[in-house]
Amino acid sequence: MCKTLCILGIVALCALVAVQGSVTTAPVTDQVDRFELDPPLALRLSRFASVTNLEEALDYSETIFEKSKRLEGSLAAGSRGKVVKGGTTYAQILDGYPTPSTQQQDLLARKVLRASSFFVNRFCIPNGVSSYECGLYLSGTPIPATNMIGDQCQSMIAGKEYNDEYRRLLPALYDDGVYAFRRSSTGGELPQAREISSRFHSAGNRQESLDKTRSVALVQWSQFIEHDLAKTTVQTMADGTDIECCSSDHGQLLPRYRHPSCKPMLVPEDDPYYRTYRATCLNYVRSALSLGRYGCHLGPANQLNQATNRLDLSQLYGSLANDTKLLRTGKGGRLQAQLYDSVEYLQEATNGRLCAADSNLETVCYDSGDTRVNVNPYITLLHTLFLRSHNRLAKHLGLLQPSWTDEQLFTVARTVNTKLYQKIVREWLTAVAGEQATRDPRPTVGRGDDRVSNEFATAAIRFYNTMMPGEINNPLGSYDLEHLFYRPKDLRKRDYFAHLVDSVLGQNAMSLDTAYVDDMAHMLFGVRNVGLDVLALDIQRGRDHGLARYTDYYTLCNGKPVTGWADLERVLKPDDLEIIRASYATVHDVDLIVGAIAEWPAAGATVGPTLSCLIREQLDNSLQADDGQAGTPTIQEHRLDAVLAEYSAARFMCDTAQVDRVQRDIFRVPSVDNPQIRCAQLPALDLARLV
């Protein structure tokens, strides 16, 4: 497992820079990712980075920005490239729905990025400095405060409630040092994301196999935790107009009709699935960028995280103070809910903007603290359960302390709800990374830096997609998942609600492998038989975010350098290794998500050693950041820990999901060694001991 990532990071960097340049790591002191260059090279580059040269780069960026606005005007006025509500792209936008403030930050960050690109091409490459080394140098180069962009940047970051920039475990790997997709180590293009994915989907011996022990609850909680820690948003036009990168019939747009933020996933005409529907283009708009929070600087792109950095149930309560305020009733410490048949459910969205449904579909669109609340029924259900949990806590606290104000009741209920959620997250982490991994010494990369890692958000936590079932089953029937992405059914119908709960607790998850179900392989957010391919999407996003290669992270986590395919013969499953070798020119081209999901699971774990390492590094970091944060002026942390000591995910289901029996370990299906028991046998929450 991952023992001390800060030491192993040097080993990984040595492999990474073998083809990129000479780099060493620098300690994290100000939440800016620093990977320092050799002093002589840094000194040489510092001579280029004069105020005059930086001003020239920034002025050029402003000029390009004004030209791009004129281009956007013609694109918005044309009939091509329009986002249609209810379509695949609209659902994709909901998955990364930007706010006006993040849109404005992204626009300014793109100006900074253009200036960085200009600097690389104007001053570095002509003087024999590689774009990779130049990009790394620029990451520590501040923007002159006298420049208009610098002034706007300082003003914008001063207003942030938290640092919304992802951190990096390894340096960004862009072909031009700042933003262009990386190329093969041979110098050619990497294989198209869909081509790689389709090789796995169409392999002759592929079967969608069930995990024999793990339940859908593990999949559900993995996605729910992802939504708490990571929300990558998409770029828009300068006026906020959404961007479409493919034609309405999923064909490729001519370059003059394609927005510069487009990087669509191209599909070969002979694709084994999409050729039937003549689809040759799958939409992909590049992710929004962040300015960071600790000083405005040039350098490679780093993406924006619209979720908070902590395990704080921001997907329920909202990421910003104003979001939380809008979700509250202002009475009794409660969150807004609709009461139906004496049971609480999420409130309905007022304008339906959070769903991709059209007038022909019977749907109920729900509202919560995250726009992804309606992405699939499992997530909507878990939002509902935590809403019920909060209001249940607020009600009981009000009975125990009738003199408390709405603010006191809300704050304590939220604190208890969040703390019990964190306790269940620890159960989930053991199920995913394994018992042994949770006992190993904690990884040490990024200590003191509470940001979420780009590697975790963009690749590691995305493992659950390969375990997602295509049908929501219980003994009485099933619902196809492909028809339910952002098209939620009415949870108030008792039979449907019970069906979902039965599926979460009793249905087997799919095995973690490279064989995705059809609903995820080509029908994600689909309309009329054409949707997205989730693995291709994850590959494309990894390249967009400048993630290093799988072999770099394998070395980072396991301390073993990879010099050739033979080094992976005992790491990756044989059939997957064969497909990967046929897809990539060299072992050092493999994308992180591809290599990671092809690994043999670690002992007692759901995932392989590299995913286990990256997930645990982030979760340990987030949980440690929350240590000592649970207390309020009204309650003490040690009392809260004592009250929650025996509380479990199983008891949570009893308290919120209208069940009277449940297995002790909800992340495994019921079995002889994990039998269902009566809820009365599980320790309940005694709030009287707390207040």
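Start by selecting Gln658: this residue comes after helix α24 and has a positive phi, near 60 degrees. Keep in mind while you click around that this is a predicted model.

**Stop 1: helix α24**

Now step back along the chain and select residues 649–656, which make up α24. How many of the residues of this helix are buried? Eight of the eight are, so α24 is largely enclosed by the rest of the structure. If you want to colour them one by one, the buried set is Ala649, Ala650, Arg651, Phe652, Met653, Cys654, Asp655 and Thr656. Charged side chains are in that list too, with Arg651 and Asp655 both counted as buried.

What does the covering? Show α12, α13 (406–433), α16 and β13 (661–663), which are included in what covers the buried residues of α24. Two of these come back later in the tour, so leave α12 and α16 switched on.

**Stop 2: Asn391 in α12**

Go to α12, residues 377–400, and pick out Asn391. Is this residue buried or exposed? Asn391 is buried, because its relative accessibility is 1%, well inside the under-20% cut-off. Show its partners as sticks: Asn391 is in contact with Arg334, Leu335, Ala337 and Glu344, once neighbours within four places in sequence are set aside.

**Stop 3: Lys493, just ahead of α16**

Next, select Lys493, in the loop that runs between β9 (477–480) and α16 (494–506). Lys493 is partly exposed, with a relative accessible area of 46%. For a sense of scale, draw a distance from the C-alpha of Lys493 to that of Asn674: 181 residues apart along the chain, the two atoms are separated by 29 Å.

**Stop 4: Ser314 in α10**

Jump to α10, residues 314–317, where you'll find Ser314. Ser314 is buried, at a relative accessible area of 2%. Which residues does Ser314 touch, beyond those up to four places away in sequence? They are Asp228, Thr308, Ser319 and Gly369. While you're there, add His227: its C-alpha is 8.3 Å from that of Ser314, although the two residues are 87 apart along the chain.

**Stop 5: helix α2**

Now for a helix with two sides. Select residues 39–48, which form α2, and colour Leu41, Leu45 and Phe48, the buried residues of this helix. Turn the view until you look down the axis: the buried residues of α2 fall within an arc of 35 degrees, so they line one face of the helix. The general reason is that an α-helix has 3.6 residues a turn, so residues three or four places apart point the same way. Give Pro39, Pro40 and Arg47 another colour, as these are exposed on the other side of α2.

**Last stop: the whole chain**

Zoom out and switch to cartoon. The chain has 24 helices and 14 strands. Its radius of gyration is 25 Å, close to the 26 Å from the globule rule for 691 residues, so the chain is as compact as a globular protein of that length. Along the principal axes, the C-alpha atoms fill a box of roughly 75 × 60 × 55 Å.

Colour by burial and 60% of the 691 residues count as buried. In a contact map, look away from the diagonal: of the contacts with a separation of 6 or more, 79% join residues 24 or more positions apart. Switch on the surface and you have about 26,700 Å² of accessible area, with 49% of it belonging to carbon and sulfur atoms. Finally, colour by charge: the 72 positive and 82 negative charges have mean positions 2 Å apart.

How values were computed. Residues are numbered from 1 along each chain as its sequence is written. This is a predicted model: local features need pLDDT of at least 70, side-chain atom pairs count only at pLDDT 80 or more; totals for chains, interfaces and linings use all residues. Side-chain values use heavy atoms; hydrogens and water are left out. Helices (H or I, at least four residues) and strands (E, at least two) are DSSP runs, numbered from the N terminus. The radius of gyration is taken over C-alpha atoms; the globule rule is 2.2 Å times the number of residues to the power 0.38. Buried means under 20% relative accessible area, exposed over 50%, partly exposed in between (1.4 Å probe, protein chains only). Contact means heavy atoms within 4.5 Å. Accessible areas come from the Shrake-Rupley method with a 1.4 Å probe; for residues, only the protein chains shown count as cover. Lys and Arg count as positive and Asp and Glu as negative; His and the chain ends are not counted. The place of a charge is taken as NZ of Lys, CZ of Arg, CG of Asp or CD of Glu. The arc is that of the directions from the helix axis to the C-beta atoms.
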